Amino acid sequence: MSNSRVFRSGLLGTLIVVAAVFSASAQKISEDQTFGPVVRAYLGYLRNEQEVVDDRISRHEVNAAYYRRNSNRIRALRQMAVQIARETQNDYLPELEAVAADESGLLFESPPRFHALRVGEVVQTNFRYLGTVRSGEVFYLFARLDPYEQSELMEKIKHGDQNATGSPVAGPGPGPKVTTRNRRASRP
């Protein structure tokens, strides 16, 4: 009789935990339904990336520091994607990149001074600085400029536009553009 009660208590506890996890997952998915198909697809991509990271840590393929950093990066990208989608109320997102300060070499040959960047500034004709997100650690988020924005900026530099000369950081430009290309989280 005692073992039966222990089993039932354990089963009940397990069911409660499973229901809580399912409820949190369902809430996140239903929240995503408020967005259009492009934004939902990107949020789904981020969920899939988190599953990959979760799977890699469960198989002991990566260390805890790698897992934490990439999980935090995924959360930062999600937060910025949701923020952009809500602010613009449009179904598009730029190609987003999130780097910690010690990873700046992943995006930039000559990394800028992150603390000096202003939201909207273009960095080295390739990226628009979107701001920071604290997700376990500070991530600097950037939107990759599309080829048209890059060529327009290069023309301004070529013709001596005051906002686009002399430094790796040019003045702010138009808002984010549509792109559907996604990037995977960095691998060890």
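# A guided tour of the model

Read from the start of the sequence to its end, the protein follows the pattern α-α-α-β-β-β-β-α-β. That makes four helices and five strands. The model is a predicted one. Before zooming in, show the whole protein: of its 188 residues, 37% count as buried. Among the contacts with a separation of 6 or more, 60% are accounted for by residues 24 or more positions apart.

## Stop 1: helix H2

Select residues 37-58, which form helix H2. This helix has 22 residues and spans 31 Å from its first C-alpha to its last. The expected value, at 1.5 Å a residue, is 32 Å, so the two are close.

Which residues of H2 are buried? Colour Val 39, Tyr 42, Leu 43, Gly 44, Tyr 45, Leu 46, Glu 49, Gln 50, Val 53 and Arg 56 to see them.

Now step past the end of the helix. Just after H2, His 60 has a positive phi of about 60°.

Stay in this area and show the side chains of Arg 59 and Asp 55. They form a salt bridge, with the closest N and O atoms 2.9 Å apart. Arg 59 counts as exposed because its relative accessibility is 53%, and exposed means over 50%. Asp 55 has a relative accessibility of 34%, so this residue counts as partly exposed.

## Stop 2: H2 against H3

Add helix H3, residues 64-88, to the selection. Two packed helices are described by the angle between their axes and the distance between the axes. For H2 and H3 the angle is about 170° and the axes are 10 Å apart. Angles over 145 degrees count as roughly antiparallel, and H2 and H3 are therefore roughly antiparallel to each other. On the H2 side, the residues making the contact include Val 39, Leu 46, Val 53 and Ile 57. On the H3 side, they include Ala 64, Tyr 67, Ile 74, Leu 77 and Ala 85.

## Stop 3: Asn 72 in H3

Keep H3 on screen and select Asn 72, which is found in this helix. Is Asn 72 buried or exposed? Its relative accessibility is 8%, so Asn 72 counts as buried. Leaving aside its neighbours within four places in sequence, Asn 72 is in contact with Ser 135, Gly 136, Glu 137 and Phe 139.

## Stop 4: a network of salt bridges

The structure holds ten salt bridges. Move to Arg 73 and show Glu 103 with it. These two form a salt bridge whose closest N and O atoms are 2.7 Å apart. The pair links distant parts of the chain: Arg 73 is in helix H3, and Glu 103 is in the loop between strand E1 (95-99) and E2, 30 residues apart. Both Glu 103 and Arg 73 are buried.

Which residues are linked with them in a network of salt bridges? Add Arg 69, Asp 102 and Glu 137, and the network of Arg 69, Arg 73, Asp 102, Glu 103 and Glu 137 is on screen.

## Stop 5: the loop after H3

Go to the loop between H3 and E1, where Pro 94 has its place. Pro 94 counts as buried because its relative accessibility is 5%. Draw a line from its C-alpha atom to that of Ile 84. The two residues are ten residues apart along the chain, and these atoms are separated by 9.1 Å.

## Stop 6: strands E2, E3 and E4

On the way to the strands, show Arg 118 and Glu 121. Their side chains meet in a salt bridge, at 2.6 Å from N to O. Arg 118, at 54% relative accessibility, counts as exposed, whereas Glu 121, at 6%, is buried.

Next select strand E2 (residues 122-123) together with E3; they run antiparallel and are joined by two bridges. The bridge partner of Val 122 in E3 is Arg 128. E2 and E3 form a hairpin with three residues between them, and Gln 124 in the turn has a positive phi of about 50°.

Select all of E3, residues 127-134. How many of its eight residues are buried? Six are, so the strand is mostly covered.

Finally, add strand E4, residues 138-144. E3 and E4 pair in the antiparallel sense over seven bridges. Gly 131 stands opposite Leu 141 in E4. The hairpin of E3 and E4 has three residues between the strands, and Gly 136 there takes a positive phi near 85°. Gly 136 also appeared at Stop 3, as one of the contacts of Asn 72.

Terms used:
Residues are numbered from 1 along each chain as its sequence is written. This is a predicted model: local features need pLDDT of at least 70, side-chain atom pairs count only at pLDDT 80 or more; totals for chains, interfaces and linings use all residues. Side-chain values use heavy atoms; hydrogens and water are left out. Buried means under 20% relative accessible area, exposed over 50%, partly exposed in between (1.4 Å probe, protein chains only). Two strands pair if DSSP finds at least two bridges between them. Contact means heavy atoms within 4.5 Å. A salt bridge is a side-chain nitrogen of Lys or Arg within 4 Å of a carboxyl oxygen of Asp or Glu. Axes are lines fitted to C-alpha atoms, for helices over the stretch in contact, and angles run from 0 to 180 degrees between N-to-C directions. Angles under 35 degrees count as roughly parallel, over 145 as roughly antiparallel, 65 to 115 as roughly perpendicular and the rest as oblique.
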